[in-house]
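Visitor: I am new to this structure and would love a close look at one part of it. Could you pick a place where two helices meet and walk me through it, with a little of the surroundings as well?

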Amino acid sequence: MQVFGQFIATVGWLGLALVASELGATLIHWLGQWVGFRLIGARIVRITGFRLQLSRVRGHWKLERPLTRHPHIVAAPPADAKRFNHAIYCFGGGLFNLLTVMLSLITLNQFKFSFDLWLFSFIIWIWVNTLKAAQLLPMNLHGYPTAGQEFRQARESTAAMTAAYVTACAAAVKVQTGSVRDLDASMIVMPRDGGNRNYLVVRQAWLILEWGLQHGLDTPELLAGLSRLEPSFNTLPPADLAKYLDATLYWNLVTNHRDHQIIAWYQDDGVQQLLRRYQPLAHYKLTAVYEWRVHQQPEQALALIEKGIKIAQRLHDEEEIAWLKALRVQVTA
């Protein structure tokens, strides 16, 4: 029993070391991003992590509690696009974690640890920072691309780099105002010769759809612009793919475009599994519009909408609440 107790105690201390290392590595990552953003004139508008979120909403900092977000920082790029440094956006935090790993390895080489638990804890610290430096944890676990993938995609073409800048601006505007409506109209232009195999360009296409809907533009034309990029869907990171499939299915069904391809996508088990994992709240909105438009069951649709609103309120997802309420208005009209 004494040996078993020692084993449990050791495992407990190593678990504590892992948690402390993850917290410390994330703080170092944030510090690196903050320094990088300051150097290029970008402004931080959101810090998310550890089930807390600090956002700059309409000029004031607001503490929120999103329960499903991975640790990250959102920054508004400099107004002058020439100052936009995509490498800083991708590697600023990872560079600080890499420096931490190098300093830790030097320290490990200088000292001799007499107690193995301290050695194991130090190894955990180095390993967690190594993962942070590569942005493998937690990005890949949440289906998002690593910093290296983002950087490589942006370097493929001028259109991709433009898309990286525009979508970064859009993310910052959305944090501050709750929508992309206030984004400069000059950014809502798809660059020519952008190709349809680059997921940064697809992100900008989704942004155009969202911006156009908020300005009351013709939905079928917006969907046609997004559908031309369908060949690239299989190349998207899982989180992006789930987002664009959800948008494509939802807005086609809302506008009553129930062609065979849309129905087949909705009924595909792989698509449903992807949506449940990476867009779990979208399940209620998407199922509700399917029941309304395809099965002609508005009562079931309204029940799903109400359930979705309750869960979205519990998770503090204001954007999903707004979409569900807007759908409820259309169903009851």
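Guide: Let us start with a word that will help: a residue counts as buried when its relative accessible area is under 20%. In this model, which is predicted, buried residues make up 47% of the 333 residues in the chain. The chain contains 13 helices and four strands. Of its contacts with a separation of 6 or more, 67% are between residues 24 or more positions apart. On the outside, the chain exposes about 18,100 Å², and carbon and sulfur atoms supply 59% of that area.

Now for the close look. Please find helix H12, residues 298-314, and helix H13, residues 318-332. Their axes lie 9 Å apart, and the two helices pack at an angle of about 160 degrees. Angles over 145 degrees count as roughly antiparallel, so H12 and H13 are roughly antiparallel to each other. Their crossing is left-handed. On the H12 side, the contact is made by Pro298, Leu302, Ile305, Glu306, Gly308, Ile309, Ala312 and Gln313. Facing them from H13 are Glu320, Ile321, Leu324, Lys325, Leu327, Arg328, Val331 and Thr332. Sorted by class, the residues of this contact are nine nonpolar, three polar and four charged.

A second pair of helices makes a nice companion to this one. Helix H8 spans residues 238-254, helix H9 spans residues 260-267, and their axes are 10 Å apart. Here the packing angle is about 130 degrees, and H8 and H9 are therefore oblique to each other. The crossing of H8 and H9 is left-handed. Leu245, Thr248, Leu249, Asn252 and Leu253 of H8 meet Ile262, Ile263, Trp265 and Tyr266 of H9. That contact has seven nonpolar residues, two polar ones and no charged ones, whereas the contact of H12 with H13 includes four charged residues.

To finish, let us visit a single residue in helix H1, which covers residues 2-40: leucine 23. Its relative accessible area is 36%. Buried means under 20% and exposed means over 50%, so leucine 23 is partly exposed. You can also trace a line from leucine 23 to phenylalanine 50: they are 27 residues apart in sequence, and their C-alpha atoms are 8.5 Å apart in space.

Technical notes
Residues are numbered from 1 along each chain as its sequence is written. This is a predicted model: local features need pLDDT of at least 70, side-chain atom pairs count only at pLDDT 80 or more; totals for chains, interfaces and linings use all residues. Side-chain values use heavy atoms; hydrogens and water are left out. Buried means under 20% relative accessible area, exposed over 50%, partly exposed in between (1.4 Å probe, protein chains only). Contact means heavy atoms within 4.5 Å. Accessible areas come from the Shrake-Rupley method with a 1.4 Å probe; for residues, only the protein chains shown count as cover. Axes are lines fitted to C-alpha atoms, for helices over the stretch in contact, and angles run from 0 to 180 degrees between N-to-C directions. Angles under 35 degrees count as roughly parallel, over 145 as roughly antiparallel, 65 to 115 as roughly perpendicular and the rest as oblique. A crossing is left-handed if the near helix is turned anticlockwise from the far one by less than a right angle, and right-handed if clockwise. Ala, Val, Leu, Ile, Met, Phe, Trp, Tyr, Cys and Pro count as nonpolar, Asp, Glu, Lys and Arg as charged, and the others, Gly among them, as polar.
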